[in-house]
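Here is a short briefing on one protein chain. Keep the sequence and the 3D view open as you read, and find each residue as it comes up.

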Amino acid sequence: MSAADGPARVADEILDIVDEDDRVTGRSPRGEAYARKLRHRCAFVLVRDAEGRIFVHRRTATKLVFPSLYDMFVGGVVGAGESYDEAALREAEEELGVSGLPRPEYLFKFLYDDGAGRSWWSAVYEVRCDLPVRPQAEEVAWHAFLTEAELERRLNKGTEQTGWTWTPDSRAAYERLRAARAREPERPG
């Protein structure tokens, strides 16, 4: 369900509620899951263009979680009965405003927990998008493709110097991705 359906409809979307081992324990409307801080599932997709730059955007002020913050992933909640893979493709196409995107490549999964009761299983993916993007206006207030070096500068300088505050869950996913890539052996050219 896209944000184009309106905030009330988005809050009514049914989610699987999961335990600390990512096993389904029930179902709940999205708004209730957020209000009661029930653990659910999300898909995060790092989008690169043909030059390898990363799609970065600022979320709209009407988002239910982390409004107006910057993000280096597209994605969102996994609907009830939906797989992570299905949600990753659906969310990427919706937020980028494209169709015919290749299936995102699954990288890893982790349990995000902010220490204050917000917790969700997060499956991280990557995809290359050679299509012209037309980001969904209800989800994306601003966007650009940044080089990895520019993204790193924005992340490392901090809010005080850049004015950019990042979504904490995506920042956690990006840090895990960066750490995993640092551990990978170099591939022969």
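Cys42 has a relative accessibility of 8%, which is under the 20% cut-off, so Cys42 counts as buried. Cys42 sits in strand β3. Bear in mind that this is a predicted model. The points below start from Cys42 and then move to other strands, to loops and to helices.

**Around Cys42**

- Cys42 touches Gly76, Val77 and Val78, leaving aside residues up to four places away in sequence.
- Tyr84 also touches Cys42.
- The other contacts of Cys42 are Trp120, Trp121, Ser122 and Ala123.
- Cys42 and Asp22 are 20 residues apart along the chain, and their C-alpha atoms are separated by 11 Å.

**Two more strand residues**

- Val124 is found in strand β8.
- Is Val124 buried or exposed? Val124 has a relative accessible area of 0%, so it is buried.
- Which residues touch Val124, not counting those up to four places away in sequence? They are Phe44, Phe73, Glu105, Tyr106, Leu107, Phe108, Phe110 and Ala173.
- Val124 and Ala61 are 63 residues apart along the chain, with 24 Å between their C-alpha atoms.
- Ile14 belongs to strand β1.
- The relative accessible area of Ile14 is 39%, so this residue is partly exposed.
- Ile14 touches Arg27, Ser28, Pro29, Gly79 and Ala80, with residues up to four places away in sequence not counted.
- From C-alpha to C-alpha, Ile14 and Thr25 are 13 Å apart in space, and they are 11 residues apart in sequence.

**Loop residues with a positive phi**

- Most residues other than glycine have a negative phi.
- Asp22 is not a glycine, yet its phi is positive, about 65°.
- Asp22 lies in the loop between β1 (14–18) and β2 (24–29).
- At a relative accessible area of 9%, Asp22 is buried.
- Ser68 is not a glycine either, and its phi is also positive, about 65°.
- The loop between β4 and β5 (70–71) holds Ser68.
- Ser68 has 31% relative accessibility, so it counts as partly exposed.

**Helix α3**

- Helix α3 covers residues 84–96, which makes 13 residues.
- How far apart are the end C-alpha atoms of α3? They are 18 Å apart, which agrees with the 18 Å expected at 1.5 Å a residue.
- Of the 13 residues of α3, 10 are buried, so the helix is largely enclosed by the rest of the structure.
- The buried residues of α3 include Tyr84, Ala87, Ala88, Leu89, Ala92 and Leu96.
- Arg90, Glu91, Glu93 and Glu95 of α3 are buried too.
- Strands help to cover the buried residues of α3, among them β3 (40–48), β4 (54–59) and β6 (74–77).
- The cover also includes β7 (105–113), β8 (119–128) and β9 (140–146).
- Gly97 follows α3, and its phi is positive, near 70°.

**Helices α4 and α6**

- Two packed helices are described by the angle between their axes and the distance between the axes.
- The axes of α4 (residues 148–157) and α6 (residues 168–183) come within 13 Å and cross at roughly 125°.
- The two helices are therefore oblique to each other, as 125° falls between the 115 degree limit for roughly perpendicular and the 145 degree limit for roughly antiparallel.
- The crossing of α4 and α6 is left-handed.
- On the α4 side, the contact is made by Glu148, Leu151, Glu152 and Leu155.
- On the α6 side, Arg171, Tyr174 and Arg178 take part.
- How many residues of this contact are nonpolar, polar and charged? There are 3 nonpolar, no polar and 4 charged.
- The buried residues of α4 are Glu150, Leu151, Glu152 and Leu155.
- These buried residues of α4 pack against β4, β9 and α6.
- Helix α6 has 16 residues, for which 22 Å is the expected span at 1.5 Å a residue. Its end C-alpha atoms are 23 Å apart, which agrees.
- Asp169, Ser170, Ala172, Ala173, Tyr174 and Leu177 are the buried residues of α6.
- What covers these buried residues of α6 includes β3, β4, β5, β7, β8 and α4.

How values were computed
Residues are numbered from 1 along each chain as its sequence is written. This is a predicted model: local features need pLDDT of at least 70, side-chain atom pairs count only at pLDDT 80 or more; totals for chains, interfaces and linings use all residues. Side-chain values use heavy atoms; hydrogens and water are left out. Helices (H or I, at least four residues) and strands (E, at least two) are DSSP runs, numbered from the N terminus. The expected span of a helix is 1.5 Å times one less than its number of residues. Buried means under 20% relative accessible area, exposed over 50%, partly exposed in between (1.4 Å probe, protein chains only). Contact means heavy atoms within 4.5 Å. Axes are lines fitted to C-alpha atoms, for helices over the stretch in contact, and angles run from 0 to 180 degrees between N-to-C directions. Angles under 35 degrees count as roughly parallel, over 145 as roughly antiparallel, 65 to 115 as roughly perpendicular and the rest as oblique. A crossing is left-handed if the near helix is turned anticlockwise from the far one by less than a right angle, and right-handed if clockwise. Ala, Val, Leu, Ile, Met, Phe, Trp, Tyr, Cys and Pro count as nonpolar, Asp, Glu, Lys and Arg as charged, and the others, Gly among them, as polar.
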